[in-house]
Amino acid sequence: MRKFWCLFFMFWPIAAIVYSAMSPAYGWWFPGASVTELGQRIDNLFYLILIIITVVFIGTQVALGYALWKAAHNKDEKSHFSHGSHNLEVIWSVAPAVILLFLALYQMDVWRDFRVKAYFPEGTIESPIAEVTARQFEWRIRYPAPGKKLQLKPQPDDLYAVNDLHAPIGRAVMIQLRSEDVQHAFFLPHLRIKQDAIPGQVIPIWFKAEKKGLFELLCAELCGWGHYKMRAQLTAEREVDFQDYLKKLQADQNYDGFPASDSVAKKEE
Amino acid sequence: MSVRWQTIVALMLASLLAGCGGDTSKARFAENSALAKQLLPKARKAVQKTLDDHFGSPLDSVAWLKLPVNYGKAEGTVKTVDGQKLSVEFNAEASDLESLTSPELTRAGLLFTSGSNAGKQVLLAKFDSKNSTFETLPGLESAPSSGDQFVAAGHFLRHGRKLYARHCQHCHGVSGDGDGTTAKYLNPRPRDYRLGVFKFTSTASFPAPIKATRDDLKRVIALGIPGTYMPSFVPMLKENELTAVIEYVRWLAMRGEIEKGLVTELKGEYSKDRSKDDGIDKSLETYLSETYPNFVNEIAGEVGEKWSGAEEEGTPIIPKKPRPQDTAESRHRGKELFLGNKAKCVNCHGPTGRGNGPMTEDFQKNPDTNETYAERGLYDTWGQPIKPRDLTRGIYRGGRRPIDIYRRIYAGIKGTPMPGNSQALSEDEIWDLVNYALSVPYDSQAPKSPKPHSVAEHSMDHGHAN
Ligand SMILES: [Cu+2]
């Protein structure tokens, strides 16, 4: 019976490790490598933490298993009662504290680059590409007209889209995030970006997509019964394609029943 | 792994449901009882039966080929015939076939396109997808023979119904009555499709209102209706899903209109208050067996024609001239019209476009019954109070393109008091109004605008990712 318990308690950590090791094969992992460089740095932090945790986990479980196994074979020695060991207490308080402090310091530059406005890449703050407004239950997007700057208040020539965000690749861009009603969260898993949208605030988010593609844009804050409906997409495309997209959007928005070239109003622009 | 999870969850749910004993196979479309209760009970039953025969129930819907609904088609050829058992071969792609393996198809029926039964439709009793054999219900005069071609229709209906149930039903209701479970919390209410009236269409309203086109419905479903609870469904729904759900919405609308048409017809002679009349039962019986079946076909034909009319080429309103330059003069002319007696926009929208014109303060009459509403203000065709749009907000439910606003002013907004102006105003005048209407949000913004949203200065303050 002693051995049974020993094996029983060893089975679970082993199962947990095997299970975790298998997860990526089942697609239970990141949705591919990050499309942004900053995202890769975030992933690196994640892996660093994962490695530390794994080492600690395996270490403690092996120690536990060893102790159990040894005790199972040792019928002579009696167990003895202790009030604890001061030294041990110090060791296992200080060791995690050191690790946590290390992590806190080590991740600071990533956090700074992601969040602190003064460190946003050049050109992002001055000309955000779009305002994204979360609303139960959709993402409404407002771009400035080509060649213009995004203003806080809607302008007559602004361009509108819904659930369809476009951004150029190869340069850092910024969007302004808002919420029209409740709290939502702007989540681009492929870009490793997640940011709450808070009513009454305009929150800047920057990213630099390195790769073309269609990426999911989700809401990551349970915001009401239609939360699942808040699925949009980000089209990351070459700069020229992005400019073409804006022009197409502009032509569509100015549509008056005639092809753009025939329109008096549009010619003038 | 996910399959296993699904099985486990399904088993858990099944064991739960088994306890409740809910029999979903008996799900029914709700009756339009406000209308139907005006009829003699027998007449009411007859209407219900007609609807059951031609539309079925939500889980067992019938593709009535008389209606201009694209049910989705799979073509095939009869291989062997054994009484009412037909063994067939589909010309369809395998992927299409997959969607054919549905119990609903059995109610969809086969339409023969060649052979002695060409042009005839027969309902199916059974469909065995593995062996591609059908069992038909009786109803064909001559037996089909090997080599006859047919069209089996209905998988769009099934696909559409599933999507509708998942995404739309809780607002728009099982039968499209706009009375789903969440509907009572919403203003404006979700659309009741059963009148067949849609607001944001590209089609004319004079001399008679034309239905919404498929493209109109698609626009609404893809872009949502800003300023209301109707959300955008793209990119969540893919192109083929949009097609299916649009057909389902049209089908529900036609069903509702046919129901209304039947009740209106029967109400003339067989209304509830005639239940005491001598010989009314006998008369109803004769009517039901002799005249009624033709009438059912007639009304279905009429409703169908209206819907297919909307799809004809050239129905969308396109002005003859493009939008003129958006100059101060044009806006000024538009403003004069807006305030003037010719267009009368001011009566509803108010002098500054805030939607507070004098008509919103008056008692209005219901144009159908000629009765005055109990409360002040405007009402829509569905009997709900409605406010003229506050044009200073720059939110356009039917779209903000100049063509959208042009169409709203030209044809009005169907189902609402907002009238069409295709007769009262010239094209130039409508364009001036468009230019003015689109400028209102920015004109009123300048002097006394509400405080802008506070801008977060320190991004660190709210920098927590959740
Ligand atoms: Cu949300």
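Domain bounds here come from an automatic or database domain assignment. With that in hand, welcome to this structure. It is a predicted model, in which local features need pLDDT of at least 70 and side-chain atom pairs count only at pLDDT 80 or more, while totals for chains, interfaces and linings use all residues. Residues are numbered from 1 along each chain as its sequence is written, chains are lettered from A and ligands numbered from 1 in the order in which they are written, and side-chain values use heavy atoms, with hydrogens and water left out.

## Chain B and its domains

Let us start with chain B. The assignment splits chain B into domain 1 (1-71 + 154-315), domain 2 (73-153) and domain 3 (328-443). Between domain 1 of chain B and domain 3 of chain B, the C-alpha centres lie 30 Å apart. Their contact (heavy atoms within 4.5 Å) takes 22 residues from domain 1 of chain B and 21 residues from domain 3 of chain B.

The size of an interface is often given as the accessible area lost when the parts come together. Buried area here is the accessible area (1.4 Å probe) that two parts lose on being put together, summed over both. For domain 1 and domain 3 of chain B, that comes to about 1800 Å², with 61% of it on carbon and sulfur atoms. Which residues of domain 1 of chain B lose the most area to domain 3 of chain B? They are B:Lys199, B:Phe200 and B:Arg219, together 31% of what that side buries.

The rule finds 1 salt bridge across this interface; a salt bridge is a side-chain nitrogen of Lys or Arg within 4 Å of a carboxyl oxygen of Asp or Glu. B:Arg219 also appears in a salt bridge with B:Asp404, where the closest N and O atoms are 3.9 Å apart.

Chain B holds 15 helices and 11 strands; these are DSSP runs, helices (H or I) of at least four residues and strands (E) of at least two, numbered from the N terminus. Of the 466 residues in chain B, 47% are buried, where buried means under 20% relative accessible area, exposed over 50%, and partly exposed in between (1.4 Å probe, protein chains only). Among contacts in chain B with a separation of 6 or more, 64% join residues 24 or more positions apart.

## Chain A and its domains

Chain A is divided into domain 1 (2-73 + 87-115) and domain 2 (125-255). The C-alpha centres of these two domains of chain A are separated by 36 Å. Here 15 residues of domain 1 of chain A touch 16 residues of domain 2 of chain A. About 1200 Å² is buried between them, and carbon and sulfur atoms give 56% of that area. The rule finds 1 salt bridge across this interface of chain A.

## The copper site

What coordinates the copper ion? Its donors are A:His184 (ND1), A:Cys219 (SG), A:Cys223 (SG) and A:Met230 (SD), at 2.1 to 2.4 Å. Donors are N, O and S atoms within 2.8 Å of the metal (3.2 Å for Na, K and Ca), and water is not among the atoms, so sites may look incomplete.

The site is tetrahedral, with angles of 92 to 122 degrees among its 4 donor atoms; four donors count as tetrahedral if all angles lie between 85 and 135 degrees. Along the chain, the donors follow the spacing H-x34-C-x3-C-x6-M. A:Cys219 lies in strand S9 (residues 213-219) of chain A and A:Met230 in the loop between S9 and strand S10 (231-237), so this pair ties together parts that are 11 residues apart in sequence. A:Cys219 is buried at a relative accessible area of 9%, and A:Met230 is buried at 1%.

## Salt bridges

A search of the whole structure finds 38 salt bridges over all chains. The table lists some of them.

| Pair | Closest N to O distance |
|---|---|
| A:Arg192 and A:Asp43 | 2.7 Å |
| A:Glu210 and A:Lys208 | 3.9 Å |
| B:Lys211 and B:Glu257 | 2.8 Å |
| B:Lys342 and B:Glu429 | 2.6 Å |

B:Lys342 lies in the loop between helix H12 (328-339) and helix H13 (345-349) of chain B, and B:Glu429 in helix H15 (residues 427-445), so the pair ties together parts that are 87 residues apart in sequence. B:Lys342 is partly exposed, with a relative accessible area of 45%, whereas B:Glu429 is buried at 17%. In chain A, salt bridges that share partners join A:Arg41, A:Asp109, A:Arg112 and A:Asp113 into one network.

Conventions
Four donors count as tetrahedral if all angles lie between 85 and 135 degrees; four count as square planar and six as octahedral if opposite donors are over 155 degrees apart and all others between 65 and 115; anything else is irregular.
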